[in-house]
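Subject: Structure handover

Hi,

Here is the structure for you to look over. My notes on what turned up follow below it.

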Amino acid sequence: MERPRVEQLLDFRRLPSDGFILALLVLYTPFGICLMLLRIFIGIHVFLVSSALPDGLLRRIIVRAMCLILGMFVSQRDSRHRDKNVKTYISNHITQFDHNILNFLTPCHTPLLEGQSGFVSWARGYLELGWMDNRTRLTEALRHYNSLEVTHTLLLFPEDETTNGKVGLLKFSSWPFTIDSTVQPVVLSVKRPFVSVNVVESSWVTELLWMFFIPFTVYQVRWLPSMSQMDEESEEEFAVRVQEHLATELGVVSTQHTKSDKVEYLKRMKHMAPQAASSANSQPSGARARTFLPGLSVSSLSAEDIRITGMAKQVKEVLPHIPLSVIKMDLVNTKCVDTTITNLLEGRVQFTPEEVSVSPSSTSLSSQPHLAPCNLIAPLKNVPKDAPAAKPVSKVRFEKSPVDRHLSLQERKEALYNYARRRYIEKHGLQPQIEESQAGQP
């Protein structure tokens with residue numbers, strides 16, 4: 001089974017793509033705004049009640065009943081598996097309020113791992129133990145916390161980041177499994193009409209307002225039998241075993257993607273989005289309409305579209321005479337800039353060349369030098385003044401002999417290199433240096 005890519009574990013758009021559901025959401029919007037304002041007022045009272053009442057069964061019952069008015073419906077299954085002797089719960093992570101939901105069912109605390117400590121973190125129900133910048137010290141503090149008799153159970157999320165809960169789990173960190181040798185796995189699923197339950201890089205305030213706006217959000221908690229670390233089993237192996245078990249129960253895939261992979265992917269998307277917007281703005285209005293959905297920004301594009309658009313721009317900079325639509329079509333199959341360039345140079349893809357006008361203001365390979373797929377502009381130091389000015393060959397012929405095909409490819413590549421160098425020089429108004437052997441000649 002093919003492992004999902006990291007972007008498949010995330011939701012990038014809040015609004016539905018289905019036109020009928022989107023129309024229903026538009027019709028619902030006036031009622032949703034009124035409901036949101038009412039729930040904000042009620043939510044303040046829920047917070048005051050939860051702060052005033054002592055922690056206990058009565059408080060959880062009252063708060064859970066009031067949260068029903070806020071649209072938070074919580075159900076649990078297989079509660080018979082819940083082991084009261086276990087001091088650590090392990091759960092998958094979908095929303096920024098998962099720890100609050102589980103606390104409605106049973107007293108548990110989730111440590112604050114990042115962000116600002118203080119009133120806000122306390123109001124959100126996090127346990128502050130400090131040592132957020134030192135995971136080893138934090139683990140020691142959590143072990144000490146678990147050793148106390150009167151403390152609540154710890155609720156930990158080994159993924160360290162949220163996912164959409166639809167495709168797979170991020171790789172479990174091993175540090176939660178160093179706290180206790182016996183853990184209670186908890187399967188969490190979240191459903192919500194009209195919109196996604198969680199969108200990448202959305203703040204908890206935004207998520208809370210969407211929760212108040214939508215009619216209801218259903219959280220379902222399923223308790224699994226407790227699991228213990230086996231003899232001679234390392235914490236890493238124990239984490240993998242629990243992750244596989246949770247993934248099987250959820251019906252998703254256990255991946256090797258980590259929190260760092262998610263963060264790195266989002267950084268790449270932020271870098272590629274302006275390029276995608278620039279490329280889309282240079283297209284005719286009809287093409288832009290196919291690239292962008294009405295009312296959505298570049299960040300709402302699918303990750304695959306942004307990636308393909310960025311790679312297509314790289315190929316277009318190297319082969320400006322080839323239509324962008326042809327480049328994108330081949331990139332959808334190859335997913336590789338170098339392979340697509342080779343396919344286009346060797347005649348594996350049929351196309352009608354475009355007219356290329358070369359001017360100092362035209363786009364060159366230097367506009368994004370760090371994105372160039374091959375080093376076409378590096379050897380500028382000794383480029384002679386009479387460097388070939390011919391454009392890359394626009395009509396490709398497939399030779400019969402392998403030797404002829406190789407020579408033809410070399411000729412096309414040489415023409416491409418010379419053309420790219422000349423465009424780079426014209427773009428920046430550079431004066432190529434003449435080789436030292438020719439420097440003294442008149």
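Two strands count as paired if DSSP finds at least two bridges between them. Keep that in mind for strand 5, covered below. One caution before the details: this is a predicted model.

**Overall**

The protein chain has 14 helices and ten strands. Of its 442 residues, 44% are buried. Take the contacts between residues at least 6 apart in sequence: 76% of these join residues at least 24 apart. The accessible surface is about 23,700 Å². Carbon and sulfur atoms account for 57% of that surface.

**Strand 5**

Which residues cover the two faces of strand 5? Thr153 and Leu155 are on one side, with Leu154 and Leu156 on the other. All four are buried.

Strand 5 has these pairings. Strand 2 (residues 88-91) runs parallel to strand 5, and three bridges join them. There, threonine 88 stands opposite leucine 154. Strand 3 also runs parallel to strand 5, joined by two bridges. Here histidine 109 has leucine 154 as its bridge partner. So leucine 154 is a bridge partner in both pairings, under the two-bridge rule for pairing.

**Largest pocket**

The largest pocket has a volume of about 1,200 Å³. Its lining takes in 36 residues. Phe47, Ser50, Asn100, Ala123 and Arg124 lie nearest the centre. Several elements give two or more residues to this lining, among them helix 2 (57-69), helix 3 (98-105), strand 3 (108-111) and helix 6 (204-213). Helix 1 gives the most, with seven residues. By class, the lining has 22 nonpolar, ten polar and four charged residues.

**Second largest pocket**

About 860 Å³ of space lies in the second largest pocket. How many residues line the second largest pocket? The count is 33, and Gln96, Glu114, Tyr126, Asp160 and Glu161 lie nearest its centre. Strand 3, helix 4, strand 5 (153-156) and helix 8 (259-281) each give two or more residues to this lining. Helix 8 has the largest share, six residues. The lining divides into 14 nonpolar, nine polar and ten charged residues.

Two elements link these sections. Strand 3 gives two or more residues to the lining of the largest pocket, and does so for the second largest pocket too. Strand 5, with its buried faces, also gives two or more residues to the second lining.

**Backbone points to check**

Most residues other than glycine have a negative phi. These residues have positive values.

- Aspartate 78 has a phi near 55°. It lies in the loop between strand 1 (72-77) and strand 2. Buried or exposed? Aspartate 78 is partly exposed, because its relative accessible area of 23% falls between the cut-offs of 20% and 50%.
- Glutamate 201 has a phi near 60°. It lies in the loop between strand 7 (182-191) and helix 6. Glutamate 201 is exposed, because its relative accessible area is 56% and the cut-off is over 50%.
- Lysine 335 follows helix 11, and its phi is positive, near 60°.

Helix 11 itself spans residues 324-334. Its buried residues include Val326, Ile327, Lys328, Asp330 and Leu331.

Best wishes

Key:
Residues numbered from 1 in each chain as written. Predicted model: local features only at pLDDT ≥ 70, side-chain atom pairs only at ≥ 80, totals over all residues. Heavy atoms only, no water. 1 Å grid on protein atoms, 1.4 Å probe; cavity = no way out; pocket = protein on both sides within 12 Å on 5 of 7 lines; lining within 4 Å. Points joined across faces, edges and corners; volume = space filled by probe spheres on them. Nonpolar A, V, L, I, M, F, W, Y, C, P; charged D, E, K, R; others polar. Buried < 20%, exposed > 50% of the residue type's maximum accessible area, 1.4 Å probe, protein only. Contact = heavy atoms within 4.5 Å. Areas by Shrake-Rupley, 256 points an atom, 1.4 Å probe, with all protein chains shown as cover.
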